[in-house]
Amino acid sequence: MESTSRARTTSQQGRLALSWKLTAIIFAIGIPLGGATLGAALSVLIAPLLIREAQRKGEDPWGTLTAPLIALAAVSALSSIFGEAPRGGLLFSLGLLVLGGGSLLVGRRIARDPIFLRRAFLPALVVSTVAISVYVLYQSFGLDIRRTTGLTSYTNRMGTLLMFSGILGLGYLLSLKGRLRWLAMPYGVLVAVAMLTTLSRAAWVGGLVGAAILAFQRPRQGLVLLLVALLAGGALLGTQPAWQARFLSIFNVQRNMDRLEMWDASVRIFADHPILGIGPTSFPSIAPEYIERQDWRLHATPHNFVLTVAAEMGLAGLLALAWLGARVTRALAVLGRQRDPLRWGLGAALLALVVNDLFGQGFFTSQVGAVLWLTLGLVDGHQQGTAGEASDSTLPPAAAT
């Protein structure tokens, strides 16, 4: 009987390992392609198994970021009830809790298995990023598409996903030993040019910030390489008039009036609804009351995640967001003290996402939001030491940094 019970337990553990690893690989492949939603949906299905596995091992399945996520989802639901679009707001709140929580759990589980992270998850991400970058370049130079979209149908979203995947992939490739580390150079060039073809200014700014952070992992060599990359990028912009004009529009107030007016409207909405805001998904229906110009383009959010939370969830939402931000900052500080290019790349990719969404609305879509919560799970898992130095000591020489 004991041997039968042991065999059953081993079989269950094997099925669980297969399920979460398959989900993680689908996530990794799907992120650059715009298919992270599928990975998030699968993570919801296996979440109970991951929780039971962690509890059986005496580990904390929740981590430090689950409580702020629950608080943010609760405020979102409360704002929805008293808001302008309760049905849409409640659906958004449910998606935030379920998809965000599942992605967070899977990210933490990946962080507890550094060998899988380095040998399967990140290689799959890199290969998928290379494939979509080649396709995006074909769209631009082969099909003469002015702003490429990849497989996402949205130019800015494609730029965001290329930005994130490029930086995280660079961190991984730089962590390799020997000549394999040189793969970072052609990889970075390929993804950077592909990202340029999307004409996504938010992704360009976020990518620059992420690359600068990653360069500081090795200040002397990194800053030289960053300077060379900037000079090469400037020369490349000069060869493509459309790219150059798009870049210069960053500094043109008139070319950014839609965004500036939406920011102003969100501030005034917050002033009129300071406690709980107007409710998630309500911005498109309320914003026209605060914008006098008739020819502005309507957007789902004001293209700034902080102002979106302020307008739609009020002060309560900002407090929940600040709680999440404080815990993430502490986790990033732990990663920053470890001289590992992969962990610096992880932190740089996360911060690039944040900078990107100071000018965009990616977090409010499942394609980018799922990537955010998965990354937060990876960061939290490393910060708590579940994949810290003790785990790194188990890595084989070829994978260890």
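Student: OK, so helices are DSSP runs (H or I) of at least four residues, numbered from the N terminus. Where is S153 found, then?

Tutor: S153 is found in the loop between α5 (114-142) and α6 (155-174). Keep in mind that this is a predicted model.

Student: Is S153 buried or exposed?

Tutor: Its relative accessibility is 59%, and exposed means over 50%, so S153 counts as exposed.

Student: And what is the phi of S153?

Tutor: S153 has a positive phi of about 75°, although it is not a glycine. For background, most residues other than glycine have a negative phi.

Student: Let me try another one. What about phi of H303?

Tutor: That one is near 60°, again a positive value in a residue other than glycine. H303 sits in the loop between α12 (283-286) and α13.

Student: Is H303 buried or exposed?

Tutor: H303 is buried, with a relative accessible area of 7%. S153, at 59%, counts as exposed.

Student: Let's zoom out. How many helices and strands are there in the protein?

Tutor: The protein has 16 helices and 0 strands. Its radius of gyration is 22 Å, close to the 21 Å that the globule rule gives for 401 residues, so the protein is as compact as a globular protein of that length.

Student: What box do the C-alpha atoms fill?

Tutor: Roughly 75 × 55 × 40 Å, taken along the principal axes.

Student: And what share of the residues is buried?

Tutor: Buried residues make up 52% of the 401. On the outside, the accessible surface comes to about 18200 Å², and 67% of that belongs to carbon and sulfur atoms.

Student: What about contacts between residues that are far apart in sequence?

Tutor: Take the contacts between residues at least 6 apart in sequence: 77% of them join residues at least 24 apart.

Student: How many residues are in the largest nonpolar core?

Tutor: It has 84 residues, and those with the most contacts inside it are F27, I110 and F121. Apart from that core lies another, of 11 residues, including M262, A265, I286 and I291.

Student: What does F27 touch?

Tutor: Leaving out residues up to four places away in sequence, F27 touches A36, G39, A40, S103, V106, F121, A370 and L374. You'll recognise F121 as another of the residues with the most contacts inside the largest core.

Student: Changing topic: where does E53 lie?

Tutor: E53 lies in helix α2, which runs over residues 36-56. E53 is buried, with a relative accessible area of 6%. Beyond the residues up to four places away in sequence, E53 touches L16, R109 and R112.

Student: Now helices. What does α9 look like?

Tutor: Helix α9 covers residues 219-239, so you can find its 21 residues easily in the model. From first C-alpha to last it reaches 30 Å, close to the 30 Å expected at 1.5 Å a residue.

Student: Which residues of α9 are buried?

Tutor: G222, L226 and L237 are buried in α9. They cover an arc of only 45° around the axis, which puts them on the same side of the helix.

Student: And what is on the face turned away from the buried side?

Tutor: That face carries the exposed residues R220, V224, L225, L227, L231 and T239.

Student: What do the buried residues of α9 pack against?

Tutor: They pack against α7 (184-196), α8 (201-215) and α10 (241-248).

Student: Then what about α8, which residues are buried there?

Tutor: The buried ones are R201, A202, A203, W204, G206, G207, G210, L214 and A215. Their packing partners are α6, α7, α9, α10, α11 (257-272) and α14 (341-356).

Student: How far apart are the end C-alpha atoms of α8?

Tutor: They are 21 Å apart, which agrees with the 21 Å that its 15 residues should span at 1.5 Å a residue.

Student: Last one. What is W344 in contact with?

Tutor: W344 lies in helix α14 and counts as buried, at 14% relative accessibility. Aside from neighbours within four places in sequence, W344 contacts I213, L214, F216, Q217, L335, G336, Q338 and R339. One of these, L214, is among the buried residues of α8.

Student: And how far is W344 from P219?

Tutor: Their C-alpha atoms are separated by 12 Å, while along the chain the two are 125 residues apart.

Methods. Residues are numbered from 1 along each chain as its sequence is written. This is a predicted model: local features need pLDDT of at least 70, side-chain atom pairs count only at pLDDT 80 or more; totals for chains, interfaces and linings use all residues. Side-chain values use heavy atoms; hydrogens and water are left out. Helices (H or I, at least four residues) and strands (E, at least two) are DSSP runs, numbered from the N terminus. The expected span of a helix is 1.5 Å times one less than its number of residues. Buried means under 20% relative accessible area, exposed over 50%, partly exposed in between (1.4 Å probe, protein chains only). The arc is that of the directions from the helix axis to the C-beta atoms. Contact means heavy atoms within 4.5 Å. The radius of gyration is taken over C-alpha atoms; the globule rule is 2.2 Å times the number of residues to the power 0.38. Accessible areas come from the Shrake-Rupley method with a 1.4 Å probe; for residues, only the protein chains shown count as cover. A nonpolar core is a set of buried Ala, Val, Leu, Ile, Met, Phe, Trp, Tyr and Cys residues joined through side-chain atoms within 4.5 Å.
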